[in-house]
Amino acid sequence: MDITFFCLASGSSGNCFYLSAGDTAILIDAGLSQRHVKKALKEKNLSLANVKGIFVTHDHADHIKGVSTLSNENVIPVYATAEVHKGMKKSYCMTRDIDVPLVRKLEKGEELQLGSFTIHSFEVPHDGTDNVGYHISVDDINFCIITDVGHVTQEVAEHIGLANYLVLEANYDESMLEMGPYPRYLKDRISGENGHLSNASCGNALLNYATPELKHVWLCHLSEENNHPELARKTVESILRSGGIIPGKDLVLDVLRRKIPSELFLLK
């Protein structure tokens with residue numbers, strides 16, 4: 001069965017991803033307003049009608065701002081770890097709680113069947129309350145999303161290796177971050193073990209752990225101040241080429257924009 005994917009936004013201003021297979025669709029994160037989400041979906045001739053769940057990676061504002069409104073007003077269950085649900089209830093950006101019947105727990109290491117999707121949650125190192133990536137399978141198609149990741153653990157590496165389609169963070173260029181205006185504590189947080197993945201770290205993770213079965217990579221969560229789409233692409237491409245992997249031939253490499261929705265991708 002084909003999977004349809006597109007990114008509504010990816011960056012510190014808001015994150016939201018759409019995935020569908022057959023008559024079942026899901027959102028991964030909802031750091032955008034309901035109006036923004038509905039508008040982006042409508043432009044792709046999609047709606048919230050088939051969305052059967054919102055899957056949350058962690059409780060930072062840019063990933064959860066729209067969760068409760070989208071969930072409550074459209075009766076969509078919200079899946080997250082117990083700790084992330086607690087974090088969302090405490091968050092300043094959640095103007096209302098998720099209605100109790102719509103709260104669903106999916107802990108790290110657990111697997112869920114939702115329509116045609118088999119969804120597996122796994123641990124990702126970051127400084128939210130709790131942080132996960134999602135490995136989503138439909139038949140023999142494996143889609144994986146790993147955003148807001150401080151470093152590549154063995155578990156993260158394993159999921160990179162399983163992916164046919166992969167969304168992976170390339171947050172910052174190391175030189176831009178170091179030379180930029182951020183205070184030292186913030187630079188250290190971003191580049192730390194529980195911060196974000198640099199362009200070079202992203203490229204090396206792909207070089208070291210991706211298999212020939214990886215068909216398409218989307219670089220996500222680029223920093224507005226410490227990165228640039230073309231720089232991220234060129235850095236990752238250069239690292240891949242150094243190991244004999246040629247983007248455009250061996251796999252497709254795309255960069256997801258911070259505020260501009262991507263095209264609609266058909267994953268086969």
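**Entry 1: the sheet**

I looked up the open sheet in this predicted model. I found 7 strands in the order S7-S8-S9-S10-S11-S12-S13. The pairing is mixed. I noted the two edge strands next: S7 (111-114) and S13 (252-255). Each of these pairs on one side only. From one strand to the next, I read an average twist of 20°. I reminded myself that strands in a sheet pair through backbone hydrogen bonds, either parallel or antiparallel.

**Entry 2: one strand pair**

In which sense do strand S10 and strand S11 pair? I checked, and they are parallel, with 4 bridges. S10 covers residues 141-146, and S11 covers residues 165-169. I then looked for what stands opposite Phe 143, and I found Tyr 165 in S11.

**Entry 3: helices on the sheet**

I turned to helix H5, residues 154-162. H5 lies across S8 (117-123), S9 (132-138), S10 and S11. I read its angle to S8 as about 150°. Helix H8, residues 199-209, also packs on the sheet. I saw that H8 touches S11 and S12 (216-220). The direction of H8 makes about 150° with that of S11.

**Entry 4: cysteines**

How many disulfides does the count come to? I got 0. I wanted to know why, so I looked at two cysteines, with a cut-off of 2.5 Å between sulfur atoms in mind. The sulfur of Cys 144 has its closest cysteine sulfur in Cys 220, 11 Å away, which is too far for a bond. For Cys 202 the closest cysteine sulfur is again in Cys 220, at 8.1 Å, and that is also too far for a bond. Are these two residues buried or exposed? Cys 144 is buried, with a relative accessible area of 0%. Cys 202 is buried too, and its value is 0%.

**Entry 5: the whole protein**

I stepped back to the full chain. I counted 9 helices and 14 strands in the protein. The C-alpha atoms fill a box of roughly 50 × 45 × 35 Å along the principal axes. I compared the radius of gyration with a rule: a compact globule of 268 residues would have a value near 18 Å, and the protein has 17 Å, so the two agree. Buried residues make up 57% of the 268 residues. I also looked at contacts with a separation of 6 or more. Of these, 67% come from residues 24 or more positions apart. Last, I noted the exposed area, about 11,300 Å². Carbon and sulfur atoms supply 49% of that area.

Technical notes. Residues numbered from 1 in each chain as written. Predicted model: local features only at pLDDT ≥ 70, side-chain atom pairs only at ≥ 80, totals over all residues. Heavy atoms only, no water. Pairing = 2+ DSSP bridges. Axes fitted to C-alpha atoms, helices over the stretch in contact; angles between N-to-C directions. Contact = heavy atoms within 4.5 Å. Rg over C-alpha atoms; globule rule 2.2 N^0.38 Å. Buried < 20%, exposed > 50% of the residue type's maximum accessible area, 1.4 Å probe, protein only. Areas by Shrake-Rupley, 256 points an atom, 1.4 Å probe, with all protein chains shown as cover.
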